[in-house]
Amino acid sequence: MFLRKSSMLLGLMCLVSVAFGQKKPLTHDVYDGWKSLTSTSLSSDGVWAGYRINPQVGDAVLELTNLNTNDKIIVDRVSRYSFSADGKFVAAVVKPAYDDVRALKLKKTAASKMPKDSLYVINLSSGEMNKIARVKNFQLPTESEEWIAFLHEKPLKAKKAPKKKVEEAPKEEPVVEGKKKKRRKKKKNKEEESEPEKKEPEAPKEPKDPRAKSKGTELVLHNMKTGEQKRFSGVMEYRLTEEGNNLFYEYDKVDSLNPSGVYAYNTANGNVVTLSEGMTEYKKMSADKSGEQIAFFASANTKDDDDKYFSLMHWKEGNSSASIVADTTTSGVPENWMVSDNSRIIFSESGKRVYFGTAPRPFEYAYEADTTLLKEDRPQVDVWSYNDPYIQPMQKLQAGREKNRTYDAVINTETGKMVQLAGPDLESITIDYRNDRDFVLAMNDQPYRTQLTWDTQMPRDFYKISTTTGEAELIIKGAKGFPSLSPGGNYLTWHNIEDGHWYMMTLSSGEIRNLTAGMAVSFANELHDSPSLAGSYGGPGWSDDDESFFLYDRYDIWKFTPKGSPVNVTNGYGRDNKITMRYQRLDREQRTIPTNEKSVVSAFNEWTKASGFMTVDMGASANPELVVMEDMSIYGLTKAKNADRVLVRKSTYEEYGELYAAIDVSMAGLKKLTNVGAQEEPYTWGTAELVEFDNTYDGETMQAILYKPENFDPNKKYPMLVYFYERRSNSLHSHPSPAPSASTINIPYYVSNDYLVLVPDIKYEVGYPGRSAMNHVVPATKAVMAKGFVDEDNMAIQGQSWGGYQVAYMVTRTNMYKAAGAGAPVVNMTSAYGGVRWASGMSRMFQYEKTQTRLGATLWDRQDLYIENSPLFKVPDIETPLFIMHNDADGAVPWYQGIEFYMSLRRLQKPAWMVSYNNEAHNLRQRKNRKDLSVRMTQFFDHYLKGAPMPEWMAYGLPATLKGRTLRYDLVDETKEKVDEGSSLKLEKGKGQNK
């Protein structure tokens, strides 16, 4: 057992060290080892809490805490874990040590020789650990209290024993006779000649495993309670049922005596049933909930066959073998179609239906089949047609999906009847696997796809498809919303984004009713400020028997019935107190909302940012009852499956979001389980507070978060960074970790290093997004400046993407900020408007007309707005030094936007630097690049706002000839080297030439 000192003790050690030494600011070196709390869970009986403490780089630790006794079990290097159904055992995947793997990679060790994962099965009662090496994967059933199955990796090849050296007889000197050399023969004595050679008796050989040469590996079925094991060699794929009653597994073909096949092992009696043998390929075994049925794909085609055809096979307990229930000859499969192995196989909850997919058979075009054409003779061309449903970039991105597209079909497992549900004209089917209804819902957007180029909120048609005949019936034409089906299947409900109302359709009659007509409150987003149509606040769902349907407005919860009047179950308490309440589904298997008992709702004060939980009677109308409400973020409420015990997390900017356990949802007996925040004690941290300001757009009072350094001195002047991206004030109590930046400033790092950081909310005026930013960021900045502790000569702004655009716009209109950082900024809306978002293949038009950019018009209708809001046309007015990041594989904002900005600034010799990470996305993904960006951005702001020396990469650039050879982080000694800032940044002649 890997037992270690508890986090609490480590925390106390940190505190002691801090007491005897001064706190220090965060550095970029802390990132890798900085820990976070992840994977929190409760055993079903509520006795044990599990959680991982995970560094950003390195080995995670699993802690299992007994909530009754406070005993702990601690296991190193755990990547994931699961409690058994009864909460008595834990299965945990243990990774090889990070440092060991890294060392082997540095030695260029082959992948086959790298260490593999292990599986630990932990008995929570005794603390005993069963450690199994080289495990590929495992399955722990959700309902079985005994069984776990795991598949081993390929065994390591046994090292060959070194050959024993045969001792040679000493050489005798040759006898010279004239010119000939003769070797004297050694005579054997008589005993040696007559005695036969003795041989050791051979040990009886164990019979060879006939599947030892299989591509598969060893599968082990392990009983966690008794230790009993059953082993199967040469297994390719397996499925342990949720009840643990059957283990299905597939053997790979070894030879004619050991063919491939699928088998069922009954865990109760040990019987093995051969479900199928002799097919060349088996795929995707899927069992029903009871574990008494299985379905899988099988093919008899060989590797040399041009096309593979699969059958769907089905077996039910009691049958002697599996039978083919669908193939190309099955009634119900469309002509020239086939069963598709690209689809999933899913049983309905009752097991009476199995859903799978079909697809048209491969079709070869004459041109494609022309064997007289060489590859170099075939033109490679994209044809862009004005009436294509999707533009070519989208088509290319979707080509693989379209090639492998499947269409839903269903088989009745009792009658064997197959019905094709979907097809090329109705591709998208919504299936409720919990119910065996006589219909499913289908959505069709094909008639409207062309307009996706400029409007993502396009209409859709909705159909009912019979599960007995496959016939489709149109029920809603051109809906701008997504209807959902009630649990009982009696009603459809949807939010119509065109008028902001909720509707309900009675499916038996087709009657449609407007649920929210004439109500005094809005069920569409009240803070929506773009030209697109406002979405809804949604709702938690239905009560039993389709009696009541629940919806949210901005603050409260409402109950609607198919015939009656709406009832505000929270009695308007939310709106009266600016508290947003949302239903908490604590039982993960719960399908409906109870109306005969109190339910827990989350509560968030929109203005103060306090949060907590309340209880509500969802069947009546009354003020909620307070459980807990504190000036912090309280989140992550989790309840044990079969007990009242709950887990919850609590955080502020100052306090890490530790894990707490309580006896029940009343939060009684609240007990702190973790102390991850102890790692922060050696470092200066900071505080967060709300700041109010009036915007200069319509005078509305807005909010911003102001982060201050630890031991803040109001009589001191601090440099300030202003970061913004729409509305962020609701994150007041979030606790960000020091981490390398993907694109934006890391707030804890800068605050720890004596910066103020201001994050203002922004409300937008349609048509004037740049001006809107100015109307909020500048007055928010001035509101903090008025407090007297801001170094007004040393302020900067920074943003990424939409924030990067706003930064670029603002520096063309104000010189208030001494420096600015703009990540992936759009600077020329006239050229960006007709471009492509390469990550999705979508046209960029919708963004400018309808969504985030908020211009609300086409380029040709309001060219003035596109120019007015484009920073590029005002570059000559920029006097603020700029740090730009724009990566060459950005799939959201075209890289050429950053290039246009940089080229213009360069032409005018404005101080500007652009970092462009190769093959990187909109926000950096690779950690090495995030670390690099963090250093360069810090050096940029430190130079301009704190007067730190300029780093070499700013002073001298980073020539392509030095790429990959040096990072040029070193600071320039300006007492020896002159940096002509703002011009071409050259050195004095003869100095620094080798930097």
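Let me begin with a definition, since I will lean on it throughout: a residue is called buried when its relative accessible area is under 20%, exposed when that value is over 50%, and partly exposed in between. By that rule P379, at 58% relative accessibility, counts as exposed. P379 is found in the loop that runs between helix 4, residues 366-369, and helix 5, residues 392-403. From the C-alpha of P379 to the C-alpha of Y917 the distance in space is 33 Å, and the two residues stand 538 apart in sequence.

Before going further I should say that what we are looking at is a predicted model. The pLDDT averages 90 over the protein, and 91% of the residues score at least 70. There are stretches where more caution is in order: over residues 1-20 the pLDDT is below 50, although this stretch has 27 contacts in the model beyond near neighbours in sequence. Residues 172-196 also have a pLDDT below 50, and for that stretch the model shows eleven contacts beyond near neighbours in sequence.

Now the overall picture. The protein has 995 residues, of which 50% are buried, and its secondary structure comes to 15 helices and 56 strands. Taken along the principal axes, the C-alpha atoms fill a box of roughly 115 × 95 × 80 Å. If we take the contacts with a separation of 6 or more, 55% of them are between residues 24 or more positions apart.

Let me turn to the interior. In soluble globular proteins, nonpolar side chains tend to be buried together. Here, the largest nonpolar core has 54 residues, and M720, I797, M810, L882 and F901 are those with the most contacts inside it. To take I797 as an example, and leaving out residues up to four places away in sequence, its contacts include V722, F724, V807, M810, Y817 and F941. Another core lies apart from this one; it has 41 residues, among them Y31, Y755, V759 and L924.

M810, which I have just named in the largest core, also brings us to a pair of helices. How do helix 8 and helix 9 pack against each other? Helix 8, residues 769-785, and helix 9, residues 802-811, pack at an angle of about 80°, and their axes are 9 Å apart. Since angles from 65 to 115 degrees count as roughly perpendicular, the two helices are therefore roughly perpendicular to each other. On the helix 8 side the contact involves P769, G770, R771, A773, M774, V777 and V778, and these meet W802, Y805, Q806, Y809 and M810 in helix 9. The residues of this contact divide into nine nonpolar, two polar and one charged.

I would like to finish with several single residues, beginning with some in loops. Is S343 buried or exposed? With 3% relative accessibility, S343 counts as buried, and its place is in the loop between strand 22, residues 337-339, and strand 23, residues 346-347. Setting aside residues up to four places away in sequence, S343 touches K284, F297, F356, G357 and T406. The last of these, T406, is 63 residues from S343 along the chain, yet their C-alpha atoms are separated by 6.0 Å.

D117 is buried as well, with a relative accessible area of 19%, a value that falls just inside the limit of under 20%. D117 is found in the loop between helix 2, residues 98-106, and strand 7, residues 118-123, and among the residues in contact with D117, beyond its neighbours within four places in sequence, are V93, K95, P96 and R134.

Two further loop residues are worth looking at for their backbone. Phi of D546 is near 55°, a positive value in a residue other than glycine, and for K578 phi is near 55° too, again positive in a residue other than glycine. D546, in the loop between strand 35 and strand 36, counts as buried at 4% relative accessibility. K578, in the loop between helix 6 and strand 39, counts as partly exposed at 40%.

Finally, I512 lies in a strand, namely strand 34, residues 511-514, and at 45% relative accessibility I512 counts as partly exposed. Beyond residues up to four places away in sequence, I512 touches W494, Y503, M504 and M505. I512 and V600 are 88 residues apart in sequence, and from C-alpha to C-alpha they are 32 Å apart in space.

Note on methods
Residues numbered from 1 in each chain as written. Heavy atoms only, no water. Helix = DSSP H or I, 4+ residues; strand = E, 2+ residues; numbered from the N terminus. Buried < 20%, exposed > 50% of the residue type's maximum accessible area, 1.4 Å probe, protein only. Axes fitted to C-alpha atoms, helices over the stretch in contact; angles between N-to-C directions. Parallel < 35°, antiparallel > 145°, perpendicular 65-115°, else oblique. Contact = heavy atoms within 4.5 Å. Nonpolar A, V, L, I, M, F, W, Y, C, P; charged D, E, K, R; others polar. Core = buried A, V, L, I, M, F, W, Y, C linked by side-chain atoms within 4.5 Å. pLDDT = per-residue confidence, 0-100.
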